[in-house]
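Good morning, and thank you for coming. Please look at the sequence and the structure as they appear, and follow along as I go through them.

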Amino acid sequence: MKRGHDPDWLIIEPSEMVVSKELRDVAAMGLRDTRYDIGPLIALVDGPDFDFIWSERRHLVQGQIDDADIVVISQADVIPTEKQDAIIQTLAPFAEAIFPISARRPTDVAFLFDRINGFEASGRK
């Protein structure tokens with residue numbers, strides 16, 4: 001991709017069975033052939049279905065957020081603030097940066113990109 005194009009961002013959404021450490025390792029393998037910065041790994045947690053997913057696939061969710069730099073609770077616009085807070089409390093032992101966002105709210109998307117830029121500015125890559 002980098003040979004034919006030079007994108008500012010490349011966002012990859014792996015299948016739900018991939019854990020963050022595996023994705024980070026695979027992304028680093030590509031550095032043999034070309035140079036690029038690996039930005040923060042963002043794990044998406046489905047807000048509306050969190051209770052079911054956590055009860056059925058807790059080990060997988062933990063693997064996805066364990067090595068993630070940012071955890072996003074998706075579809076925050078359709079879940080009550082109390083549920084968002086409960087999800088954050090549940091995930092807090094496994095992740096530091098947890099943010100509920102909604103793609104329907106432009107300020108949420110801007111907030112996420114500000115976090116990504118802050119991550120890059122901090123030198124963590």
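Strand 1 and strand 2, residues 70-74, run parallel and are joined by 5 bridges. To go from strand 1 to strand 2, the chain passes through helix 2, residues 50-66, and this β-α-β crossover is right-handed. Within this pairing, Asp-46 stands opposite Ser-74 in strand 2. I should say at once that what you see is a predicted model.

Let us look at strand 1 itself. Strand 1 covers residues 42-46, and its two faces are unlike in cover: Ala-43 and Val-45 form the covered face, whereas Ile-42, Leu-44 and Asp-46 form the uncovered one.

Now to strand 2. How many of the 5 residues of strand 2 are buried? The count is 5 of the 5, so strand 2 is largely enclosed by the rest of the structure. Ile-70, Val-72 and Ser-74 point one way from the strand, Val-71 and Ile-73 point the other way, and all are buried.

Ser-74 deserves a closer look. This residue lies in strand 2. Is Ser-74 buried or exposed? Its relative accessible area is 18%, and buried means under 20%, so Ser-74 counts as buried. If we leave aside the neighbours within four places in sequence, Ser-74 is in contact with Val-45, Asp-46, Gly-47, Pro-48 and Ile-101.

On its other side, strand 2 pairs with strand 3 in the parallel sense, over 3 bridges. One position to find here is Ile-73, whose bridge partner in strand 3 is Pro-100. The chain crosses from strand 2 through helix 3 to strand 3, and this β-α-β crossover, too, is right-handed.

We can now put the sheet together. The 3 strands form an open sheet in the order 1-2-3, with parallel pairing. Why is one side of strand 1 and of strand 3 left without a neighbour in the sheet? Both stand at the edges, each with a single partner strand, so one side of each has no neighbour there. On average, neighbouring strands of this sheet are turned by 25 degrees against each other, direction ignored. Helix 2 packs on the sheet and touches strand 1 and strand 2, and the direction of helix 2 makes about 170 degrees with that of strand 1.

Let me turn to three residues in the loops. Gln-75 lies in the loop between strand 2 and helix 3. Most residues other than glycine have a negative phi. Gln-75 is not a glycine, yet its phi is positive, at about 60 degrees. With a relative accessible area of 39%, Gln-75 is partly exposed.

Gly-39 is found in the loop between helix 1 and strand 1. Gly-39 is also partly exposed, with a relative accessible area of 24%. Which residues does Gly-39 contact, leaving aside its neighbours within four places in sequence? They are Asp-69 and Phe-119. Gly-39 and Asn-117 are 78 residues apart along the chain, and their C-alpha atoms are separated by 9.2 Å.

Pro-93 has its place in the loop between helix 3 and strand 3, residues 98-100. Pro-93 counts as exposed, at 63% relative accessibility. From C-alpha to C-alpha, Pro-93 is 9.9 Å from Gln-62, and the two are 31 residues apart in sequence.

Let us step back to the whole chain. It has 4 helices and 3 strands, and along the sequence they follow the pattern α-β-α-β-α-β-α. Of its 125 residues, 30% are buried. Among the contacts with a separation of 6 or more, 73% come from residues 24 or more positions apart. The chain exposes about 8,400 Å², and carbon and sulfur atoms supply 53% of that area.

Finally, a word on confidence. The mean pLDDT of the chain is 81, and 74% of its residues reach 70 or more. Which element has the lowest mean pLDDT, and which the highest? Helix 1, residues 20-29, has the lowest, at 70, and helix 3, residues 81-91, has the highest, at 97. Where pLDDT is low, the predicted coordinates should not be read in detail. Thank you for your attention.

Key
Residues are numbered from 1 along each chain as its sequence is written. This is a predicted model: local features need pLDDT of at least 70, side-chain atom pairs count only at pLDDT 80 or more; totals for chains, interfaces and linings use all residues. Side-chain values use heavy atoms; hydrogens and water are left out. pLDDT is the predictor's confidence in each residue, from 0 to 100. Buried means under 20% relative accessible area, exposed over 50%, partly exposed in between (1.4 Å probe, protein chains only). Contact means heavy atoms within 4.5 Å. Accessible areas come from the Shrake-Rupley method with a 1.4 Å probe; for residues, only the protein chains shown count as cover. Two strands pair if DSSP finds at least two bridges between them. A crossover is right-handed if, with the strands pointing away from the viewer, the path from the first strand over the helix to the second runs clockwise. Axes are lines fitted to C-alpha atoms, for helices over the stretch in contact, and angles run from 0 to 180 degrees between N-to-C directions.
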